[in-house]
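Trainee: I should like to learn how to read a helix and a ligand site in a model of this kind. May we take the two in turn?

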Amino acid sequence: MPKIQLLSSRLANQIAAGEVVERPASVVKEVLENSLDAGATRVDIDVEAGGSKLIRVRDNGSGIPAEDMELALARHATSKITSLEDLECVGSLGFRGEALASIGSVSRLTLTSNANEQGSEGSSAACEGREMEVQRKPAPHPRGTTVEVRDLFFNTPARRKFLRTEKTEFNHLEEVVKRLALSRFDVAFTLRHNGKVVHSLKAASLQAESQRRVAAICGPAFMEQAIAIESAVPPYRLSGWVGLPTFSRSQADLQYFFVNGRVIRDRLIAHAVKQAYRDVLYHGRHPAFVLYLELDPAQVDVNVHPTKHEVRFRDGRAVHNFIFSSLHRALADVRPGRESGGDPLAERLLATDDGMAIDTATGEIRSQSPLAWGAPTAAGRPGMAGRAYGSSAPTAAQVGAQLQGYSRLHGLPAAGTPEEVPPLGYALAQLKGVYVLAENAHGLVLVDMHAAHERITYERLKAARDESGIRSQPLLVPQSVAVSQREVQVATEHSALFQRLGLAVEEGGEESLVIRQIPVVLRDSNVEQLVRDVLADLIEFGSSERIEAHMDEILSTMACHGSVRANRRLTIPEMNALLRDMEETERSGQCNHGRPTWIQMGLDELDTLFLRGR
Ligand code: ADP
Ligand code: MG
């Protein structure tokens, strides 16, 4: 008896299914991707019991010719690629030719399809996990394909045990549908669960329709408080929407990133986005985004993971850099009177008729962002003395609650308003020593003066540092750090980076580094740990902002202490100076902790409050 045996095709398929078919959601992903690959413009998904009882997907795509039906269900059978060259620039979502075979090996699968332009003839093929032979028979079906998957894992009880509650499974499945719906605005989707319509998304061609879909999927609040992104540096293009820092989330649950139409999760990209939000997001909060990266398919390898959730970029550093700088620029411009991201907002942000209330009249980015963040100015000189003004940072919960209280933001002056009125208008008064009230072309502006001043002070401290360079001091006793050879090498390669940041890091031996000099601001910090973390970043992402981040944190604390505190009386000229500084300071739409610094209450909003004009 030979010890080595070929696996039966059923067992081989079931093993493959282990990778590809984890739960009902994975079935829906594979089947929907096939529909999209077949050029469908409408896809209807019916699900029962969270998908474990039934998943039925019907599309109006190109269909499968009768003679190909068996092959469609066979492993390693695909119509999408024929050669290695094809694989290197694959344009379809699928190409491994194993999804239907895998699904069929762990469920009762029926495939019904018709590839003819006219006529309703078609054929169906069924396979049932246990016996893998396929039975084909004629069946009426309009052009397109229906895939019906019943009783998932009926023959693999171990797998079935891993399924969670119907609700949990459905949530996963719905998430898959949402992602695909965000990847293809031109395709109509419906999703029904136990006979009830959960999503009904019309095909969108106009920008406003696309926005409506994003709002339906990500919630209207996201669209109201998002900045449109449009950035291109050949060979890369990035578009989509990112939430304002003040629209941050407690979880990373509203983050969609597409690479050439394929939704992916990638550490490199996550890092680039996080880095872009670094200076504007409250600690521990997560940004929300729907972003589309497009690049030459040859620049990205999608064949690194069976479910293709991960990709590998030819030039990961360039991609990281491009994403970081695109978003960083857009976020720096979140300030009063500024279009953010340099995006043609007017085009992208139209009002929709389902209550999303995006103000088209303004055509300004701020119109979506009710919130701005401020920076301090005239009043308090950045006090380096570190007097405690008791302006403790709000907790994440406080920020969240605060944000909920804000009504949706309105934009700046509509076209036709006098040019001379600055975006934040002119100060009227101060309320309870906390808020500045101002009038601009649109109505009432409310500014949290401490929050605003803090940001201004902070940005100034950073600017001063950047201008005059970082002051650094030699260590009395140089600090030696044990690292790997690779880390020594990376540290040497990047010695200029360390130098620029005021650190002298030198090779101390094959596996050690010596820190001889550090920035004065980092005097009380754990510089060794910082250097280690930076090296880890450099190895993984090719860049690191940890040192800057750490110094910024210290500056931010100084800014907080040096800023005008609540209950300080400001004169009208001081208030106006604050408003002007806010308009000129980058990131002034939010304070250093990610809270808004100002809100706009439009006249229309005030009118509504007083039931005027009804
Ligand atoms: P892959 O998508 O990797 O090619 P699959 O097992 O998912 O492998 O599908 C096998 C083949 O069946 C596809 O290459 C395609 O030709 C055909 N097919 C599957 N689903 C559809 C569909 N909805 N419409 C048209 N053809 C389909
Ligand atoms: Mg497929």
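Trainee: Is helix H10 mostly covered or mostly open, and how many of its residues are buried?

Mentor: Please bear in mind that this is a predicted model. A residue counts as buried when its relative accessible area is under 20%. By that standard helix H10, residues 267–277, is mostly covered, with eight of its 11 residues buried.

Trainee: Which residues of H10 are the buried ones?

Mentor: In general, an α-helix has 3.6 residues a turn, so residues three or four places apart point the same way. In H10 the buried residues are Leu268, Ile269, His271, Ala272, Val273, Gln275, Ala276 and Tyr277.

Trainee: What do the buried residues of H10 pack against?

Mentor: Their partners are four strands, E10 (236–243), E11 (255–259), E13 (289–294) and E15 (312–313), together with helices H11 (316–332) and H17 (527–541). At the start of H10, moreover, the backbone nitrogen of Leu268 has a side-chain oxygen of Asp266 within 2.9 Å.

Trainee: Turning to the ligand, how many residues surround ligand 1, and which are the closest?

Mentor: Ligand 1 is surrounded by 19 residues, the closest being Asn34, Thr78, Ser79, Lys80 and Gly97. This shell divides into seven nonpolar, eight polar and four charged residues.

Trainee: Which polar side-chain atom lies 2.5 Å from an oxygen atom of ligand 1?

Mentor: That atom belongs to Thr78. An N or O atom in the side chain of Asn34 is 2.8 Å from an oxygen atom of the ligand, and a polar side-chain atom of Thr145 lies 3.3 Å from a nitrogen atom of ligand 1. Taken alone, ligand 1 exposes 540 Å², of which the protein buries 93%. Helices H2 (24–37) and H5 (99–105) are the elements that each give two or more residues to the shell.

Key. Residues are numbered from 1 along each chain as its sequence is written. Chains are lettered from A and ligands numbered from 1 in the order in which they are written. This is a predicted model: local features need pLDDT of at least 70, side-chain atom pairs count only at pLDDT 80 or more; totals for chains, interfaces and linings use all residues. Side-chain values use heavy atoms; hydrogens and water are left out. Buried means under 20% relative accessible area, exposed over 50%, partly exposed in between (1.4 Å probe, protein chains only). Contact means heavy atoms within 4.5 Å. A polar contact is a pair of N or O atoms within 3.5 Å; within protein, one must be able to donate a hydrogen and the other to accept it, and residues adjacent in sequence count only if both atoms are side-chain atoms. A residue is near a molecule or strand if one of its heavy atoms lies within 4 Å of it. Accessible areas come from the Shrake-Rupley method with a 1.4 Å probe; for residues, only the protein chains shown count as cover. Ala, Val, Leu, Ile, Met, Phe, Trp, Tyr, Cys and Pro count as nonpolar, Asp, Glu, Lys and Arg as charged, and the others, Gly among them, as polar.
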